[in-house]
Amino acid sequence: MACLMEIDIPVYVRDVLNILEKNRHDAYVAGGCVRDSLLGKEPGDWDVATDCVPEKMMEIFPNAVPTGIKYGTVTVLTGGGPVEVTAFRTDSGYSDGRRPGSVKFTKNLCKDLERRDFTINSIAYNLKSGLIDPLGGVCDLKNRIIRCSGDPSVRFAEDYLRILRAFRFSAKLGFLIEPETKKAAVQNKWRLLKISAERVQKEFNEILLRSGYKELDDFLSEFSEVLLPELYACKGITQRNNNHRYDVFDHIVRGTADYTGNDIKVKLAILLHDVGKSKCKTTDEMGLEHFYGHGEISEQLAKNILIRMKYPGDVVRDVCRLIKHHHILIEPNEGFAKKMLREFGREQAFRLMELKIADTGNLKESRKCWTEEIMECRKLMFSIIEKKQPCSLADLAVNGTDIIKHLNLVPSERVGEILEYLLDRVIDDPKLNEKKTLLEIAAEIPTV
Ligand code: ATP
Ligand code: MG
């Protein structure tokens with residue numbers, strides 16, 4: 001892998017370093033920006049580390065915002081964007097597994113690098129000194145390894161979120177977690193219950209969205225026991241029938257990794273679509289295993305899980321609806337594609353197709369045709385939308401207010417029914433989709 005030894009620091013960040021140096025302070029870029037630059041990636045943001053204490057920073061940069069003064073951080077607003085400047089510090093007195101009890105500022109850069117989480121995040125750089133890498137982060141970057149800076153058991157016990165950060169970086173960068181680091185992460189897994197659902201959710205989403213199959217399997221095999229016991233219960237639940245090749249857990253994890261899009265609702269729907277199977281398995285007289293009603297049971301379990309993990313209401317609603325309907329049999333024809341768009345709305349209809357593709361993608365060879373049919377239906381849905389063919393209420397040239405005004409209806413009385421009728425007509429004959437025509441048709445609908 002390309003691992004550059006020089007870093008192209010943007011001018012606005014260099015200006016901040018120069019001003020600190022002119023005031024006789026040491027200043028470096030450090031952490032994620034150095035890691036990403038060495039990997040040849042564009043850093044998301046540039047963080048500066050310095051031996052200047054925060055009060056002095058506020059004098060040097062009078063317009064800076066004291067965003068985290070207790071932890072030594074101020075944000076300098078520059079023409080190129082905000083730059084976080086943090087004093088070299090050592091953290092100690094961790095007692096709650098979340099934040100250091102006390103923060104001490106230091107003149108020693110190496111001490112600051114040692115308090116950081118992983119070796120690849122513990123590298124600093126400036127033009128004068130080049131790379132400062134006391135923990136071997138560059139070597140780990142080259143070997144694609146996530147390794148704790150220092151003793152992993154100690155580091156994870158200080159701050160439990162680092163456990164998830166390890167898996168997040170592994171997923172995002174495709175790096176292996178060094179065995180001792182991984183062992184300590186697993187040993188400390190129950191501590192994740194002590195951190196807030198919001199912080200867990202943020203890291204968990206990234207892990208889900210960025211992991212390949214191997215990383216996701218590694219992570220969920222251990223951590224679902226803590227975060228998603230409903231999924232953990234699916235381990236070893238066999239599915240001896242005409243469709244499945246894998247047990248429930250494996251089927252779910254493979255499907256989840258197969259979806260490589262960015263939509264967290266799709267990811268969660270795949271992850272949770274079959275969790276109810278552990279609760280409803282039956283075996284028939286032929287020895288075939290069935291899971292009757294698992295769509296509804298999974299929907300209910302998913303709802304509990306998503307609320308527990310503090311997902312926003314729209315995520316809970318949309319994911320649950322997808323799970324409830326994940327058994328729909330897809331037909332690869334235009335009429336059916338329109339029906340999907342109409343019943344679910346554009347976004348949800350496409351999500352449902354992604355869920356179904358993932359769900360059928362690791363079945364027995366004889367079921368390959370199912371995935372092909374779903375893909376064909378998805379293609380037809382795209383082409384309907386491309387041709388701007390109306391297929392949902394939102395596509396109609398009239399809305400509820402138009403109908404109420406034109407027919408002098410008491411609001412809500414029959415409006416929904418009339419719009420549905422108009423949509424039926426327009427789906428059959430898209431030429432009717434003009435305001436004047438639709439209002440005429442609406443006026444002629446007999447009231448029963
Ligand atoms: P990203 O690309 O996700 O922003 P990052 O490495 O920049 O990755 P940040 O959360 O922005 O991550 O943190 C910046 C730096 O601060 C890290 O590179 C690391 O050196 C240090 N750091 C962040 N969180 C922790 C933590 N929980 N424990 C120790 N060091 C941390
Ligand atoms: Mg960052």
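G68 sits across from T73 of strand β4 in this predicted model. Strand β4 covers residues 73-78, and two bridges tie it to β3, with the two strands running antiparallel. That pairing belongs to an open sheet of seven strands, where the pairing is mixed and the order reads β3-β4-β5-β2-β1-β8-β9. At the edges are β3 (65-68) and β9 (130-132), each with pairing on one side only. Going from one strand to its neighbour, the sheet turns by 35° on average, ignoring direction.

Zooming out, the protein has 21 helices and 13 strands in total. Its C-alpha atoms take up a box of roughly 85 × 60 × 40 Å along the principal axes. Of the 448 residues in the protein, 50% are buried. As for how the chain meets itself, take the contacts between residues at least 6 apart in sequence: 64% of these link residues at least 24 apart.

Now to the helices. Two packed helices are described by the angle between their axes and the distance between the axes. For helix α9 (residues 197-210) and helix α13 (residues 264-272), the axes come within 10 Å and cross at roughly 85°. An angle from 65 to 115 degrees counts as roughly perpendicular, so α9 is roughly perpendicular to α13. On the α9 side, the contact is made by F204, N205, L208 and L209, while α13 brings in I264, K267, L268 and L271. Sorted by character, the residues of this contact come out as six nonpolar, one polar and one charged.

F204 turns up again in the nonpolar interior. In soluble globular proteins, nonpolar side chains tend to be buried together. Here the largest nonpolar core has 110 residues, and the ones with the most contacts inside it are V29, V48, F204, L220, L228 and M340. What does M340 touch, leaving out residues up to four places away in sequence? The list runs to I328, I330, G345, A349, L352, M353 and M381. There is also a second core, separate from the 110-residue one, made up of 17 residues. Among the members of that second core are L396, V398, I427 and A442.

Technical notes: Residues are numbered from 1 along each chain as its sequence is written. Chains are lettered from A and ligands numbered from 1 in the order in which they are written. This is a predicted model: local features need pLDDT of at least 70, side-chain atom pairs count only at pLDDT 80 or more; totals for chains, interfaces and linings use all residues. Side-chain values use heavy atoms; hydrogens and water are left out. Axes are lines fitted to C-alpha atoms, for helices over the stretch in contact, and angles run from 0 to 180 degrees between N-to-C directions. Helices (H or I, at least four residues) and strands (E, at least two) are DSSP runs, numbered from the N terminus. Angles under 35 degrees count as roughly parallel, over 145 as roughly antiparallel, 65 to 115 as roughly perpendicular and the rest as oblique. Contact means heavy atoms within 4.5 Å. Ala, Val, Leu, Ile, Met, Phe, Trp, Tyr, Cys and Pro count as nonpolar, Asp, Glu, Lys and Arg as charged, and the others, Gly among them, as polar. A nonpolar core is a set of buried Ala, Val, Leu, Ile, Met, Phe, Trp, Tyr and Cys residues joined through side-chain atoms within 4.5 Å. Buried means under 20% relative accessible area, exposed over 50%, partly exposed in between (1.4 Å probe, protein chains only). Two strands pair if DSSP finds at least two bridges between them.
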